[in-house]
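Biologist: I have a structure open and do not know how to read it. Could you take me through some features, one at a time?

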Amino acid sequence: MYRKTCVWLFVLCSFLFAMQGEAYGAEGTLTLEKALALAREHNPSLAVAGEQVVQSEADVEKASSAMGPKLQVQASYTRYNEDARNPVFDGTGRPTGGYILEGFENTWRTAVVLTQVLYSGGSLSANRAAARLRTEAQRAREIRTLQGVENGVKRAYYDLQRARAFLVIAEESARLAKEHLAVVEALFRHGAVAKNEVLRVQVDVSNAELLQIQSENAVNVAWKGLSRAVGIALPEKAALPEPEKPLEGVEFPPDPERLALESRQEMRALDFMRQAALESVTAAEGQSKPQIFFEGKYQDVGDGFYPDKKDQWTLSLVAQWTLYDHGEVRSQAKKGRSMVREFLGRMDDLEKQVIHEVATARLNLESALKRTDVARTQVILAEEDYRMALQRYRVQAGTNLDVLDARVALVNAQNKLAASVYDAYTARADFIHALGGGYEER
């Protein structure tokens, strides 16, 4: 009756919660895959990361537009104190009394202006390259954000399953305590035991019921945690699949640290930012070189709107070279070089962090797998010990305290087994997350 393997314990947990649960919408059971799909659709962190990519792409478009032509329409109105007139002189330099009208008291000017940068010393192309690199960095961060959300959902899901397993164990413990109480009361009615033994078991039944209440609350809290990880409210009575069986045959990649360094999106993002900083140095230095522009203008000037007099067009080729800017370009280049060194330092620190995370996750996984193997045997022994203790007590060959101690040991063993199983699943999720998506779950 009491000799159960860990698999049967988890099947019992699944059966009890399937009886209590309601269908999760029209799709039935809320599996881990469905929870992950809901998170991809509803988690706000992913929406934020996506919008940041859009903003970076807009920066690329802005940097590219600076290299293209600009077409402007201009209109202006100017009022003078009088018409602009220039006197007319004869061949000897004497004024003739006449004049040439050079402007109007009320002057309207309309123009269409086309400008195009022909040479910028490489600053515009470098700015565009830097913007593209920053966009790639943002895309890498978006991928890592998705990986982080998925790992958070996995951890919350396994926490929920662990809490449900603890609740089933607490319910089974309460049932065993009540069964024990029935045995003690029967012996008391026949005068085989004293009243204090009945009282002692009644207290133990109360403790088991309190533990069950705490376990039920832990399940409700775990539901809230999963809802937060997914990004939408989940029904607390949704049906869940059978509890996970102990992990078997876990394989590790031959060189997990190298795999993580190659796969982690944070490393790629920092490298893109380093390259963008180098391009910003090029852009800053390009401002100290000659800048060449082309400008074409067609305009009308007159004393009324729309002016119909003095139509004229001009074509201009402008070369501009800043010889002294009080150190502005030098300071921008200095800042860019400093950012390059900063990102190199951050990459070095992240490399050490990645190696630490991979090692820690692997050790946690290996430890959980070892604890699971030991806990399996412990559960079997504890079940047999409790069965024997209760049987001996029924024939008065053992004490009431032996039964109480045996049940405590059984509950502890079952809890340790459930904890080790879900610790292993959580550690595997953390290990895969630490690898950066370069290794699939097996």
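Modeller: Start with strand pairing in this predicted model. Phe294 stands opposite Leu317 in β6.

Biologist: How many bridges join β5 to strand β6, and how do the strands run?

Modeller: Nine bridges join β5 to β6, which covers residues 312-320, and the two run antiparallel. Strand β5 (residues 291-302) is also joined to strand β4 (residues 106-119), by 11 bridges, and that pair is antiparallel as well. Across that pairing, Arg109 stands opposite Val301 in β5.

Biologist: Next, helices. Which residues of helix α2 are buried?

Modeller: The general idea is that an α-helix has 3.6 residues a turn, so residues three or four places apart point the same way. Now the case here. In α2, residues 32-42, the buried residues are Leu32, Ala35, Leu36, Leu38 and Ala39. Viewed down the axis of α2, they fall within an arc of 160°, so they line one face of the helix. On the other side of α2, Glu33 and Glu41 are exposed.

Biologist: What do the buried residues of α2 pack against?

Modeller: They pack against three helices: α3 (44-65), α4 (123-189) and α5.

Biologist: Helix α5 has come up. Which residues does Glu197 touch, leaving out those up to four places away in sequence?

Modeller: Glu197 is found in α5, which spans residues 195-230. With those sequence neighbours left out, Glu197 touches Val184, Tyr393 and Asn400. Glu197 has a relative accessible area of 21%, and because buried means under 20%, it counts as partly exposed. Distance in sequence and distance in space are separate readings: Glu197 and Glu185 are 12 residues apart in sequence, and their C-alpha atoms are 8.9 Å apart.

Biologist: Now charged side chains. How many salt bridges does a search of the whole structure find?

Modeller: The general idea is that side chains of opposite charge can pair when their charged atoms come close. The search of the whole structure finds 23 salt bridges. In one of them, the side chains of Glu266 and Arg144 meet at 3.0 Å, N to O. Glu266 lies in helix α7 (residues 265-286) and Arg144 in helix α4, so the pair ties together parts that are 122 residues apart in sequence.

Biologist: Are Glu266 and Arg144 buried or partly exposed?

Modeller: Glu266 is partly exposed, at 21% relative accessibility, whereas Arg144 is buried, at 9%.

Biologist: What separates Glu172 and Arg175 in helix α4?

Modeller: These two residues are three apart in α4, which means about one helical turn separates them. They form a salt bridge, with the closest N and O atoms 2.7 Å apart. Glu172 is buried at 11% relative accessibility, and Arg175 is partly exposed at 35%.

Biologist: And where do Arg264 and Glu357 lie?

Modeller: First, their side chains meet in a salt bridge of 3.0 Å, N to O. Arg264 lies in the loop between α6 (256-263) and α7, and Glu357 lies in helix α8 (residues 328-394), so this pair ties together parts 93 residues apart in sequence. Arg264 is buried, with a relative accessible area of 1%, while Glu357 is partly exposed at 26%.

Biologist: Which residues do salt bridges with shared partners join into one network?

Modeller: The network consists of Arg144, Arg264, Glu266 and Glu357, joined by salt bridges that share partners.

Definitions and conventions
Residues numbered from 1 in each chain as written. Predicted model: local features only at pLDDT ≥ 70, side-chain atom pairs only at ≥ 80, totals over all residues. Heavy atoms only, no water. Helix = DSSP H or I, 4+ residues; strand = E, 2+ residues; numbered from the N terminus. Buried < 20%, exposed > 50% of the residue type's maximum accessible area, 1.4 Å probe, protein only. Contact = heavy atoms within 4.5 Å. Pairing = 2+ DSSP bridges. Arc of directions from axis to C-beta. Salt bridge = Lys/Arg side-chain N within 4 Å of Asp/Glu carboxyl O.
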